[in-house]
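Biologist: Hi, I'm new to this one and would like a walk through it. Could you bring it up so that we can start with the ligand?

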Amino acid sequence: MVSWRLRTLDRKLMRDLWRLKFQALAIALVMACGISTYIMSMGTLHSLTETRDIYYDRYRFADVFAALKRAPLSVAERIADVPGVMTVYPRVVFGATLDMPGLDEPATARIISVPDMGEPPLNVVHLRRGRMLEPRETDAVLVGEAFAEKHNLNPGDRVTMVINGHKRTPMIAGIVLTPEYVFSIAPGGLMPDDKRFGVFWMSRQALEAAVNMDGAFNDLSLKLTHTAQVKNVLDAVDLELAPYGGLVAYERADQLSNWFLSGELDQLKVMATVSPAIFLSVAAFLLHIVLVRLIATEREQIGTLKALGYGNRAIALHYLKFIAVIALLGALMGAVAGYILGKNLTGLYASFYRFPMLTYEIVPRVFIEGALFCIIAGFSGTLVPVVRASRLPPAVAMRPAAPPSFRQTLVERLGLERWFSQPARIILRHLERRPVRFAFSVAGVGMALAIYVGSSFVVDALDYLLEVQYDITDRQDALVTFVETRGSRALEEVRGLPGVMRAEPGRMVAARLKAGPREERTSITGILPGGELQRVIDDKLRAVTPPESGLVLGRKLAELLEVRAGDPVEVEVLEDRRPKATLLVTAIVEGFIGARAFMDINALHRLMYEGPNVSAVAVSLDAREAAGFFAQLKESPLVASVLRTEAARKNFDETMGENMRTMTLFHIFFAGLIAFGVVYNTVRVAFSERSRELASLRVIGLTRGEVGYILLGEIGVVVLLALPIGCAGGYGVAAALSAALDTELYRIPTIVAPMTYAHAILVVVTATLISSWTVWRNIRHLDLVSVLKTRD
Amino acid sequence: MTPVFDIRGLTKTYAMGETVVRALRGVDLRVEAGELIVLLGPSGSGKSTFLNIVGGLDVPSEGQVIFEGRDLSSLSEDELTFYRRNHVGFVFQAYNLVPSLTAKENVDLVTEITPNPLSSVEALSLVGLGERINHFPAQLSGGEQQRVAIARAIAKRPAVLLCDEPTGALDHTTGIVVLEAIADVNMRFQTTTMIITHNAAIAAMADRVLHFADGRIAREEKNASRALASEVTW
Ligand SMILES: Nc1ncnc2c1ncn2[C@@H]1O[C@H](COP(=O)(O)OP(=O)(O)O)[C@@H](O)[C@H]1O
Ligand SMILES: [Mg+2]
């Protein structure tokens, strides 16, 4: 019935589109933003997921992990008998410090044993350059690619390391990757710092000898059968390892590198849903107002076409094609941009996440879905007006529409009109006549503002987080951690090092906390009463002194355990004598990083049945002598790691900050586009509806300025109302994002800096000014005669 | 010979909120093939309503319009569309050209969807516009626009040509050119034609003149002979 080759009608379509090209383009661009984010995130998600799965599988990434103090290999054999366990891989894993040229402080290394002969059964490494270790080769190591790149290490180079008190200078045989460290973050770190943390592999024979682990292991990886009951295996492993200083066994989902990677994938999923939804709904709204206006102008044409013998379907199809062209244009631009962005994003990921191979893969399905979403969004915004237009009885369509009915505005009904000029009253009447569209316009502009605020808040929040973290709670310049827990003499030794202005004892133990059925593996940090370097704070950022007994929980941990101050918590320390106790929660403290617990340091010593032992020392340094301080530590056999605050902060700023700034630029662009799309279309539609009236006003003697004031005043009211709503909405988006980004590792506070609001407002106001300017030009050239002649 | 239209008891009422407007109050009429009928009557007497119903643009409240033996009110919406498409040509007072299409394209709108049309150029030549086929409506005078509308109406070789005040917006000389075009088509193709006008002088052109008043045909005259359009003055 409906001919698809309505050539002449299509010609009309193309001319209509050309006349409305800027409006159409603005809408298509908004759509393109949504679709490009979709294609970018889905494509990247797909590439990352596929690559990860293949990598994990091919390199036999373990399912269960456990660390312990030391156990004979016979224990591993027993664990092999646990139902559900397919492969057991006992290893020796040891920390070391590295003396790297170009780095003041010692870098931290993690050294992992590999079998003396043949491939490891699990967690296989992938050789990038150089060669694998020869059988029983003891003076060589493999090094992770990330660290090697940062230090420009090549096969054949030697590195200086202090391992278990002995200095060694093994040769680098090869540069490798491993599924265990796709994302290599040092224990206790916030961000990967490949300059200060590296992973090495050494033959078992050599490592065993260096750290006295003959016939023993301190790290366990397991591969499970498909039908294994993971929980049962974890319990069985914990039971077997407890006598050997076992820390709690965990499954792959909790493995740090994998956990980060999964988190990233989840965020991509959120990005792939939320942003396109926002952009496409804005586009649908814009198409709606543009199409309603178009149909209103073409009422008579619709009637004429029907009189000529065009049916409802032909009319509907005509307008749907109009929408489809814009939608497909949006989809096309979105596809191109999405492809480019996806490639770049994947490239960015490839620098953070180390895979043997990561390329952005074109997934045709994603592109097709993107185009479909555009069409669906376009049609959903316009189907009702299109159907209504197609059903217009021809006789009715050809009669000019009844003049719009105006009534006194709220202002006038309240008797306030003498406060408003005549033009101001015209503005108010127009706004009141179409309350729904007015509301939508305000919502649209507000949404642009909210998107801007909501997406740039992360930068503010991270600034705040870093400030709290490094200026208020962890104020040391460096944290020196020891290989073994040491007596109080260690504190004095550190105090005696050059440049140390202040040194405070640090004591941290691994522990399992239970409250009812909930259980968390965490650490308890001892807090020195009156200490200045490591402090805990309340929600007003005031230092809190932990009471002499009882447990202080970070807010995240309290939430996870579902406990409040006054509730009891069962504590099982996983170190030394593994004491158990039930402690009362005495306070909940603020903290954005980690789910941690704290105690008065003396109370912690009592719990541990120990004297004033330290596992670390926090120091503040005289900057001039810092280099000497670090140089001495490089030589020390007892130091496991040195965490330098300044470096951590700078690293954070460089890696995270850079990403954030790039993302923020995108969001400025996106928010600006939405603002522009909404404002421009609102202004154009208002102009088209009003041009006759405005021309009449000009004819009776109003100046251009007065006429412009009437038209642009309307958009001014919309924008003014949208500003507070958008700012409030932006805070809401920020709060929602905070909640969505809340993980066990860190919490992003809902902090929006005043400057962020100011920037957002600037973006929206600029978009408004540009749109207004284009209309202003039209007002100046308003052709009085022709406008009054044409009927519409 | 069966009439082209057999119209019986046609009424049309519009509900306007509280009040009811009775636009047609029972119109009966038989129209023979090839007739040229002029409809006269004061504004609001129901002429347009009548023509719209006859042309399938509107449906009656009561009564029947039987076109070549088929009752229009029994047609579905699609069938009514096909009735308009294949049998009826309309000319309106406001020309109703699509402003974004040229003269030729406005005619193409019709020739593309009808089974046995004249070519667009042919139709435009018939109304004397062979030269200006690529002009947009805004580039044509009122009379030229109306002639494009006539070309568009006749291009499908319609059985009936319905014209609602075709000269209403035109000056005398231009009006005559337009009326000549309509009369010419009526003669040449034996197209049954109905013209609404305010101008009693035009009535001289007609075979029959119907005087509308208050929703009814108040009076009917038959002309023994038809005047030429050029003889008409007003
Ligand atoms: N769609 C409509 N709704 C309400 N009243 C209408 C409508 N169309 C026509 N009328 C009324 O019907 C009457 C006849 O109108 P019309 O047929 O246009 O008269 P004419 O063409 O003779 O001037 C008028 O009173 C007019 O106001
Ligand atoms: Mg009329």
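Modeller: Here it is, and a good place to begin is α1(B), which gives the most to the shell around ligand 1, with three residues. Please keep in mind throughout that this is a predicted model.

Biologist: Which residues come nearest to ligand 1?

Modeller: There are 13 residues around ligand 1, and those that come nearest are A:R399, B:G44, B:K47, B:S48 and B:T49. Because the residues surrounding ligand 1 come from chains A and B, the site is shared between chains.

Biologist: What polar contacts does ligand 1 have with B:T49, and what about the backbone of B:G46 or B:S45?

Modeller: For B:T49, a polar side-chain atom lies 2.5 Å from an oxygen atom of ligand 1. With B:G46 the partner is a backbone N or O atom, 3.0 Å from a ligand oxygen, and a polar backbone atom of B:S45 is 3.2 Å from an oxygen atom of ligand 1.

Biologist: How much of ligand 1 does the protein bury?

Modeller: Ligand 1 taken alone exposes 560 Å², and the protein buries 72% of that. In chain B, the elements giving two or more residues to the shell around this ligand are β1 (5-16), β2 (19-31) and α1 (47-54).

Biologist: And by class, what is in that shell around ligand 1?

Modeller: The shell around ligand 1 has five nonpolar residues, six polar ones and two charged ones.

Biologist: Changing topic to the two chains, how many residues are in contact there?

Modeller: On the chain B side 27 residues are in contact with 25 residues of chain A, and the area buried between the two chains is about 2,300 Å², with carbon and sulfur atoms giving 55% of it. The chain B residues that lose the most area to chain A are B:L57, B:L109 and B:E112, which together make up 22% of what that side buries.

Biologist: How many salt bridges are found across that interface?

Modeller: The rule finds four salt bridges between chain B and chain A. One of the salt bridges pairs A:R313 with B:D78, whose closest N and O atoms are 2.7 Å apart. Counting polar contacts between the chains gives eleven residue pairs, both residues being at pLDDT 80 or more.

Biologist: Which elements of chain B touch chain A, then?

Modeller: Those giving two or more residues to that side are α2 (77-87), β6 (88-92) and α3 (103-111) of chain B, and the largest share, six residues, comes from α2(B). By class, the side of chain B that touches chain A has twelve nonpolar, five polar and ten charged residues.

Note on methods
Residues are numbered from 1 along each chain as its sequence is written. Chains are lettered from A and ligands numbered from 1 in the order in which they are written. This is a predicted model: local features need pLDDT of at least 70, side-chain atom pairs count only at pLDDT 80 or more; totals for chains, interfaces and linings use all residues. Side-chain values use heavy atoms; hydrogens and water are left out. A residue is near a molecule or strand if one of its heavy atoms lies within 4 Å of it. A polar contact is a pair of N or O atoms within 3.5 Å; within protein, one must be able to donate a hydrogen and the other to accept it, and residues adjacent in sequence count only if both atoms are side-chain atoms. Accessible areas come from the Shrake-Rupley method with a 1.4 Å probe; for residues, only the protein chains shown count as cover. Helices (H or I, at least four residues) and strands (E, at least two) are DSSP runs, numbered from the N terminus. Ala, Val, Leu, Ile, Met, Phe, Trp, Tyr, Cys and Pro count as nonpolar, Asp, Glu, Lys and Arg as charged, and the others, Gly among them, as polar. Contact means heavy atoms within 4.5 Å. Buried area is the accessible area (1.4 Å probe) that two parts lose on being put together, summed over both. A salt bridge is a side-chain nitrogen of Lys or Arg within 4 Å of a carboxyl oxygen of Asp or Glu.
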